[in-house]
Amino acid sequence: MNTMMEVNTRPPQVMVRGEGSWIFDDADKRYLDFVQGWAVNALGHSPKELADALREQGATLLAPSPAYHNKWALGLCDRLVHAAGLSQAFLANSGAEANECAIKLARKFGKLHRGGAFRVITTHNAFHGRTLTTMSASGKPGWDEMFPPRMEGFTKVPYGDLEAMDDAMDDETCAVMLEPIQGEAGVIVPPEGYLKSVRELATRRGVLLVLDEIQTGMGRTGRLFRFQSEGVCPDIMTLGKGLGGGVPLGAVVATKSASCFGHGEHGGTYCGNPLMARCGAAVFDVVSEPSFLHNVLERGEQLQAGLRKLSVPAGSIRTVRGAGLLVAATLATPKGAAVVERAFELGLLLNAPRPDTLRFMPSLRVDASEIAQMLDVLERALRETS
Ligand SMILES: *Cc1c(COP(=O)(O)O)cnc(C)c1O
């Protein structure tokens, strides 16, 4: 029997090293990686910036404890707060933890300013993490019944439906929480102006807007944060995935009034540790360069245009959607898993978030020839699966 708990299916190959857009297994077979740790490796596999940060910080200071300041936690919070135009940040170790923190802040805000309101409106098919609370906040079909009793206090509305959100809002509501583009749901881009209207609604009703930018943030969509493309500003933003560029790191960034914890109300042994914070700062300094973000937009356009032009039987790719380097293609038939499997054999890593949807989340440093190679292999995988 396998000594490792099986929480999903995996191919038998063991991955041993990575370099940029490529990952190698224990037989030294190489794969062009368009999963990249699940949209995590913003700078690709084993970037020099992170190797240096880990080596230098590992030899300097690992765990001063959250009872004391360290310069990298301070430095990363400074960077995030200034880039987002917000006031204060909290560093966590994962996306789910960042969302837990955001939900606690929203409830505290409700207690302070809205007569004990505790309810958070979230959206169908949303993904916010796998802790008990973030599973309850998520809108994945079936998740409500999985580990009863579910955590109270979440009301779900259809994504993109402003009226439903308006109707769902009441005196118990303290916040609205959503992804600017739904990632795990299959890269669902909301209707034009939706986020702006949600922002206005939240402001009018006096509730917080929490944006989960764990997948869309840190340059993935071609701006540092997705909300910047939408002309809105959240009260609370959560980050993860690309923030650490491959190491476990999350963050919550909030306005002055939403940053309302009292002493002792939140924390964590590893939160703000200098090893991960330094990695986050190293990634931030690369990703926030305008020329870096420009490449994300250009490669994203190349990817979307290439997907539309694949020479596969007419109609086999239905739609292509996304922003920057968060892109999905829907298929005419639910053969996503078969395509992913065939691509794997051909040396390409892909993800199918839905049976009829393929998702592409390459390194943000992917180059034009790697995208062209991916399209070639994908074309073959699509032809060779029925
Ligand atoms: C991945 C993801 C999370 C959860 O992050 P973890 O680091 O896996 O806990 C939450 N929200 C969104 C939008 C995500 O894509």
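Guide: In this predicted model, an angle over 145 degrees between two helix directions counts as roughly antiparallel, whereas one of 65 to 115 degrees counts as roughly perpendicular.

Visitor: Why are α2 and α9 called roughly antiparallel to each other?

Guide: The axes of helix α2, residues 48–58, and helix α9, residues 274–287, come within 9 Å and cross at roughly 150 degrees. That value is over 145, the limit for the term, and α2 and α9 are therefore roughly antiparallel to each other. Their crossing is right-handed.

Visitor: Which residues of α2 and α9 meet, and how does the contact divide by class?

Guide: From α2 come E49, L50, A53, L54, E56, Q57 and G58, and these meet P274, L275, R278, C279, A282, V283 and V286 of α9. By class, the contact of α2 with α9 has 9 nonpolar, 2 polar and 3 charged residues, with Gly counted among the polar ones.

Visitor: What makes α11 and α12 oblique to each other?

Guide: Helix α11 (residues 336–345) and helix α12 (residues 368–383) have axes that cross at roughly 125 degrees and come within 9 Å. Angles of 65 to 115 degrees would be roughly perpendicular and those over 145 roughly antiparallel, with parallel reserved for those under 35; the crossing at roughly 125 degrees fits none of these classes, and α11 and α12 are therefore oblique. In this pair α11 passes α12 in a right-handed crossing. The contact is made by V339, R342 and A343 on the α11 side and by L378, R380, A381 and L382 on the α12 side, and its residues divide into 5 nonpolar, no polar and 2 charged.

Visitor: Where does α12 pack on a sheet, and which strands stand at the edges of that sheet?

Guide: The sheet is open, with 4 strands in the order β1-β2-β3-β13 and mixed pairing. β1 (15–19) and β13 (348–349) each have a single partner strand, so one side of each is left without a neighbour in the sheet. Strand β3, residues 30–33, pairs with β13 in the parallel sense over 2 bridges, and D33 stands opposite L349 in β13. On this sheet α12 touches β2 (22–25), β3 and β13, its direction making about 105 degrees with that of β3.

Visitor: Why are β4 and β6 said to stand at the edges of their sheet?

Guide: That open sheet has 7 strands with mixed pairing, in the order β4-β10-β9-β8-β7-β5-β6. β4 (88–92) and β6 (154–157) each have a single partner strand, so each has one side without a neighbour in the sheet. Neighbouring strands there are turned by 20 degrees against each other on average, direction ignored.

Visitor: How do you know that β8 and β9 pair?

Guide: Two strands pair if there are at least two bridges between them, and strand β8 (residues 208–212) and strand β9 (residues 236–239) have 3 bridges, in the parallel sense. D212 stands opposite T238 in β9. Helix α3 (residues 71–84) lies across β4, β9 and β10 (250–254), running at about 130 degrees to β4.

Visitor: How does the radius of gyration of the chain stand against that of a compact globule?

Guide: With 386 residues a compact globule would have a radius of gyration near 21 Å, and the chain has 21 Å, which agrees. This chain has 12 helices and 15 strands.

Conventions:
Residues are numbered from 1 along each chain as its sequence is written. This is a predicted model: local features need pLDDT of at least 70, side-chain atom pairs count only at pLDDT 80 or more; totals for chains, interfaces and linings use all residues. Side-chain values use heavy atoms; hydrogens and water are left out. Axes are lines fitted to C-alpha atoms, for helices over the stretch in contact, and angles run from 0 to 180 degrees between N-to-C directions. A crossing is left-handed if the near helix is turned anticlockwise from the far one by less than a right angle, and right-handed if clockwise. Contact means heavy atoms within 4.5 Å. The radius of gyration is taken over C-alpha atoms; the globule rule is 2.2 Å times the number of residues to the power 0.38.
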